[in-house]
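User: I'd like to practise reading a structure feature by feature. Could you walk me through this one?

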Amino acid sequence: MRGRHLLRAALTALAVLLGLLGPLGSLGPPGAGTAAAAPAGAAAEPVRIMPLGDSITGSPGCWRSLLWNRLQEAGHTDVDFVGTLGPQGCGQPHDGDNEGHGGALVTDVASRNLLPGWLSATRPDIVVMHFGTNDVWSNRSPEAVLAAYSTLVDQMRASNPGMKILVAQIIPMNPATCGECARRVVALNERIPDWARSESTPGSPVVAVDQWTGFSTGSDTYDGVHPNASGDEKIAARWFPPLADLLAGDDPGDPGDPDEPGDPDDPGQGGAACTASLRVASSWQGGYQGEVTVSNTGTGPISGWTIRIAPDGDGRITQAWNGTLEAGADGTATVRNAAWNGTVPAGGSASFGFVASADSASATVTCTATAA
């Protein structure tokens, strides 16, 4: 009997001891025998964007600060501007990393094989490139500049096969010490959209972005070359839509991709009509750069437009882009829409640019529309 009492007392003491110690699984090193909390999922890597170019991009390149903050305000907070160069002021908080090398020629960057090192150090997913101003100043041919562009695209894809690339039709330039620069910019810019289409692939799109149309060397630069505050605003505004499309996973397509036309059988879709307005973007002795805006003033979409330009005096239209030019013997010119900007919805607009050889920077423009 006494033995049973002793055994019962021992068992009771053991139970008390185990109760104080907690579950058996808690004996041993801290954490042993317990389920560990699942680690929180790693945050998604930000999209790395490299602004690439010369002093217009990097010295100080304040359009980058405007673009950065516009992206943030639109909800694109998962972006990281990258480059081996740091910020240079601009008066507002932004991610200032960039690859804008003052004085650089894109032809030299390609021939000296400089880009692969910058790519290796920064690993971008998207490149935003405004490059070629110094090449134009140095009278490098459009063929040489485009060949350099192609070299850089190959190097970008070697770094990242899925690289997405935005390439600017560069802003106009008209410095006092380079009388031919304005024309050379036009000669390069009119070749860039076709080059971009030829280089683009579904997995690695190359998109031309028109930074030229609507940009004035007189009001948007401080020296005929480098953007001032209003120029920075315009550059950022032109980069934002295609860049936002890429960040949203959309295909920005070619510049000027037409809106989907309405059904021509729907009520109110007839009545094709358009107007044309001329704006002089810049001028120089013996010539000027013009921009024509074509507005659909009808009740339905149009599938094409034709503009007649009659320069004042003895002026002649010598070049046009974003449209097909037919020059008349009497100095008048006809510009028809390009393949990608002919369809214009009711209330919408399209535009094209031209260079005229003329003593007077003025002309009469008229528009004819083709119903969709």
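Analyst: Sure. Keep in mind that this is a predicted model. Let's begin with a single residue: Cys-90 is partly exposed, with a relative accessible area of 23%. Cys-90 sits in the loop between strand 2 (79-81) and strand 3 (99-100), and its phi is near 90°, a positive value in a residue other than glycine.

User: Which other residue that isn't glycine has a positive phi, with a value near 60°?

Analyst: That's Asn-322, whose phi is near 60°. Asn-322 belongs to the loop between strand 10 and strand 11. At a relative accessible area of 13%, Asn-322 is buried, since buried means under 20%.

User: And the chain as a whole, how many helices and strands does it have?

Analyst: There are 10 helices and 14 strands. Of the 372 residues, 47% are buried. The accessible surface is about 17100 Å², and carbon and sulfur atoms contribute 53% of that. For contacts with a separation of 6 or more, 74% are between residues 24 or more positions apart.

User: Now helices. What span should helix 10 have, and what do its end C-alpha atoms show?

Analyst: The idea is to compare the end-to-end distance with a rise of 1.5 Å a residue. Helix 10 (residues 229-247) has 19 residues, so it should span 27 Å; the end C-alpha atoms are 26 Å apart, which agrees. Helix 7 (residues 142-159) gets the same check: its 18 residues reach 26 Å from first C-alpha to last, close to the 26 Å expected.

User: Where is the kink in helix 10?

Analyst: At Phe-240, shortly before the proline Pro-241, with a bend of about 35°. Just after helix 10 comes Gly-249, with a positive phi of about 85°.

User: How do I read the list of buried residues in a helix?

Analyst: Start from the general geometry: an α-helix has 3.6 residues a turn, so residues three or four places apart point the same way. Then look at the list for helix 10, which includes Gly-231, Asp-232, Ile-235, Ala-236, Trp-239, Phe-240, Leu-243 and Leu-247. For helix 7, the buried residues include Val-145, Leu-146, Tyr-149, Leu-152, Val-153 and Met-156.

User: On to sheets. What is the strand order of the open sheet that contains strand 7?

Analyst: The four strands come in the order 7-8-13-10, with antiparallel pairing. Strand 7 and strand 10 (316-321) are the edge strands, each pairing on one side only. On average, neighbouring strands in this sheet are turned by 30° against each other, direction ignored.

User: How many bridges join strand 7 to strand 8?

Analyst: 10 bridges, between strand 7 (residues 274-284) and strand 8 (residues 287-296), running antiparallel. The two form a hairpin with two residues between them, and Gly-286 in the turn has a positive phi of about 85°. You can follow a row across the sheet here: Arg-279 stands opposite Glu-291 in strand 8, and the bridge partner of Glu-291 in strand 13 is Gly-353. Strand 8 and strand 13 (residues 349-357) are themselves joined by nine bridges, again antiparallel.

User: Which helix lies across strand 7, strand 10 and strand 13?

Analyst: Helix 8 (residues 181-189), running at about 45° to strand 10.

User: And the sheet with the order 11-12-9-14: which strands stand at its edges?

Analyst: That one is also an open sheet of four strands with antiparallel pairing. Strand 11 (323-327) and strand 14 (363-371) each have a single partner strand, so one side of each is left without a neighbour in the sheet. Neighbouring strands are turned by 20° on average, direction ignored. Strand 11 pairs with strand 12 (residues 333-337) over five bridges, and Gly-323 has Asn-337 as its bridge partner in strand 12.

User: Last one, loops. What should I look for?

Analyst: Check exposure, peptide geometry and which parts of the chain come together. Thr-177, in the loop between strand 5 (164-169) and helix 8, is exposed at 67% relative accessible area. Ala-346, between strand 12 and strand 13, is partly exposed at 42%; among its contacts beyond four places in sequence are Asn-296, Gly-298 and Pro-301. For peptide geometry, the bond from Ser-59 to Pro-60 is cis, with omega near 0°, and Pro-60 lies in the loop between helix 2 (55-58) and helix 3 (63-73).

Technical notes:
Residues are numbered from 1 along each chain as its sequence is written. This is a predicted model: local features need pLDDT of at least 70, side-chain atom pairs count only at pLDDT 80 or more; totals for chains, interfaces and linings use all residues. Side-chain values use heavy atoms; hydrogens and water are left out. The expected span of a helix is 1.5 Å times one less than its number of residues. The bend at a residue is the angle between axes fitted to the seven residues ending there and the seven starting there. Buried means under 20% relative accessible area, exposed over 50%, partly exposed in between (1.4 Å probe, protein chains only). Two strands pair if DSSP finds at least two bridges between them. Axes are lines fitted to C-alpha atoms, for helices over the stretch in contact, and angles run from 0 to 180 degrees between N-to-C directions. Contact means heavy atoms within 4.5 Å. Accessible areas come from the Shrake-Rupley method with a 1.4 Å probe; for residues, only the protein chains shown count as cover.
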